[in-house]
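Me: Please take a close look at the charged side chains here. I would like to know how they pair, and what becomes of one that does not.

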Amino acid sequence: MGRAGPRTGGAAAAVAGPLLLLLLPLLLARAPPAAAGDGRKSDFRLVSEQFSQSPQKLSFYSWYGSARLFHFRVPPDSVLLRWLLQVSPGGGPTCTSLETTVYFRYGAPPVINPLGTSFPANTSVQPSFLIKMLQSNASINISHPAPGDWFVAAHLPPSSQKIEVKGFVPSCAYIFQPDMLVMRAVEVSILEPDKPFPQTLLSHPSYLKIFVPEYTQELRLELQGCTSNGSLGCPVHLTVGSATLPSNFQKVLTCTGSTQACHLLLPSPPWDQWLQVTAKSLARPHVLVAFSIVAALTACKPWVVNFQHPQQNSPNQSCSVPPGLLPPRPGYQDPGSSGSGGGGPFCLRGYQVSREYMDVLSVHFRPLDRVAVLVQSDMPSVMRLQLNTGMDSGGSLAVSLWANQSAMSNATSVAACVNAASPFLGFNASLNCTTAFFQGHPLSLSASSRKASLVIPYPETDNWYLSLQLVCLPSAEECEKASVLVETALSLVPCLHDCGPYGQCLLLRRHGYLYAGCSCKAGWRGWSCTDNSTAQTVAQQRAAALLLTLSNLVFLAPIALSVHRCLLVEASVYAYTMFFSTFYHACDQPGEAVLCILDYDTLQYCDFLGSGVSIWVTILCMARLKAALKYVLLLLGTLVFAMSLQLDRRGAWNMIGPCLFAFVVMVTMWVYRCGHRRHCYPTSWQRWAFYLLPGIAMAAVAVAIYASMMTSDNYYYTHSIWHMLLAGSTAFLLPPRDKHTEPWACSQRLTCRYQICKNHREELYAVT
């Protein structure tokens, strides 16, 4: 039986690069005996292969896009798979090792839930197979892995709510590198149906496979004539099927000390696939075991519904059984009876399904020319959904069923199963939807519940089947003649309900593989943003929007002071900042209170630019430079801010660097004036006590809040306080007007019909 077991540490797992391929036989030989088999080290029928992908930088988990996905493909006839996992921390000695969670899944990306959130209703989710790496190296062994797509996902622990400013704290990079090592059999015997295949086991296992064609109802494997060193007995361990994760449905047949032929019965084996069979001796070393293995396939004939367009169709025709779905006419062979010439009975009623591409990861499945499917009690009705293109596993399979309101009685119900690889056909014996190697997803319709739905996130790459059959109570005599029309809505969607009103469906990519995930907002969480345990109410959303937007009105104070002191350039910059900060935060809201007058990216860029330039012009204004030099520096600083924000909008030093330069210019000018006047500058103690010191204190508190106190939960009021402190400190730090300048002089010049010109050299005034 396939076994997967985590094993941390070890020098073998730390080997990387070309040495992996050189040391592969040694690595695989060190595997546990249950996984590697007896004497596999010297088995010449096995070859080793290595598969690797480029490493990725891990992220703290907040949504599915935070996990790093790796896509591998296991070749056919593989008998052993080993994952070598390595995490390399980088960024300096302050970066410590963190717990890394790694998920494995066959056929589709793993469905993970590190935050413990709820899934949407009627969503079928299997537990994920995962390991937690506390060290930098780990390895995983899987014997008899299933061929095809395998996915590995990894992430760091859930992210904290603290909003960190880029550049203020040291950044640590954790690089994750998985390598896949495969041992593959090059000599595999093929079992032919109904033909005994002699086998002899000594020290090496025997690898066989059998092809299961479509419409195989049952597979029977039997060991005959088993002897051990000439005596009766059958110490043989038979493993049928391949190992998959997170669930493993391999079948094991152990025949020890039995004089009778032992067999294994597999109902509904996977269709159109090769089935791996491994035989291993349980006898003592150097004991010869001989036997014959026989594979018998039980086939059934499908009754494929022949769709026909009705010759006459009235627009007002009521809902009735379509002509192509009518029961056979008198004289036609009963589907439940045996066909002539040994054809066998019908086992299912097959409906042809069309696959309609709508968009990326968006497919609709419809029965040809029909909406309803006829369901009866004599045999299941089966529909095949082709999800085997290799690009369908990144979405969600949505299945919805509706039953006719007047066709179902209290004594009848419709049982449905959704399975991969092969349909479930044993409704008469059980309703557990279990096939040979797959646990299906059950659905049911009844007189009291005529609707049923199912959502399967990230369905495995394979053909999927929807089976329906009418189930009756034991006392219902009229059930054999009853029939129900069931309407179906089958589709593959990127995200269920497009992630709802509080989420955004994002298309993710790993090389050429595409998959989708929901990014939630306004406190909503979950796979489809349906978990409202931490969601904000509409009142909270409106309050947050009002705080973040109206707090910018404090900029009216520095605007009025700038105009009052004839600082028109500064007033224009503050007005620009107030306008774009207000509408950026109105557009940045996650819930319903949203208003976007421009593109979001444009508003964000203008807000960041206005904030930086506001600090720049305030510091230069405090320096009291000459007009020509002042305006040159204002223009150059604005251009530098525009360039740096284009390079990295979130970088703290893109704003700190120019502001530090302006601060150096201001301090230089103040020191120069102190030396020139032989007096402290500014000269008035009232200026220091009532303006400069309060302004500096407010600016320091604002920087402290912005750099260390903001979290996702308190953002709307801490950032509002940042707005008010920034605007308030600007109002306190603006220099006073010139003594010879009248209050509101600039505004008076704009309203007068004449202009007063001042000659600074002769101190004369003239009216022009």
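Charged side chains, paired and unpaired

Reply: Glu192 has a relative accessible area of 42%, which makes it partly exposed. The model is a predicted one. The side chain of Glu192 forms a salt bridge with that of Lys195, with 2.9 Å from N to O. Side chains of opposite charge can pair when their charged atoms come close. Across the whole structure, a search finds 12 salt bridges.

Another of these joins Glu99 and Lys132, at 3.9 Å from N to O. Here the partners come from distant parts of the chain, 33 residues apart: Glu99 sits in the loop between β6 (78–90) and β7, and Lys132 in strand β8 (residues 129–133). Glu99 is partly exposed, at 31% relative accessibility. Lys132 is also partly exposed, at 44%.

A further salt bridge is made by Asp149 and Arg73, whose side chains meet at 2.7 Å, N to O. Asp149 belongs to strand β10 (residues 148–158) and Arg73 to strand β5 (residues 68–74), so this pair ties together parts 76 residues apart in sequence. The two ends have unlike surroundings. Asp149 is buried, with 9% relative accessible area, whereas Arg73 is exposed, with 56%.

What about a charged residue without such a partner? Asp531 lies in the loop between β36 (513–520) and α5 (538–550). Asp531 is buried, yet has no salt bridge. Why not? The nearest side chain of opposite charge, that of Arg525, is 4.2 Å away, and a salt bridge needs the nitrogen within 4 Å of the carboxyl oxygen, so this pair does not count. The side chain of Asp531 does reach the backbone nitrogen of Ser118, at 3.1 Å. Leaving aside residues up to four places away in sequence, Asp531 touches Thr117, Ser118, Gly523, Trp524, Arg525 and Gly526. Arg525 is therefore in contact with Asp531, although the two form no salt bridge.

Some space inside the structure is empty in the model. How many cavities of 30 Å³ or more are there? The search finds 4. The largest holds about 180 Å³ of space. Its lining has 19 residues, and those nearest its centre are Arg105, Val111, Gln126, Pro457 and Tyr458. Two elements, β7 (100–106) and β32 (451–457), each give two or more residues to that lining.

Note on methods
Residues are numbered from 1 along each chain as its sequence is written. This is a predicted model: local features need pLDDT of at least 70, side-chain atom pairs count only at pLDDT 80 or more; totals for chains, interfaces and linings use all residues. Side-chain values use heavy atoms; hydrogens and water are left out. Helices (H or I, at least four residues) and strands (E, at least two) are DSSP runs, numbered from the N terminus. Buried means under 20% relative accessible area, exposed over 50%, partly exposed in between (1.4 Å probe, protein chains only). Lys and Arg count as positive and Asp and Glu as negative; His and the chain ends are not counted. A polar contact is a pair of N or O atoms within 3.5 Å; within protein, one must be able to donate a hydrogen and the other to accept it, and residues adjacent in sequence count only if both atoms are side-chain atoms. Contact means heavy atoms within 4.5 Å. On a 1 Å grid over the protein atoms alone, a cavity is a set of points where a 1.4 Å probe fits but cannot get out, and a pocket is an open set with protein on both sides within 12 Å along at least five of seven lines; lining residues have an atom within 4 Å of a point. Grid points are joined across faces, edges and corners, and a volume is the space filled by probe spheres set on the points.
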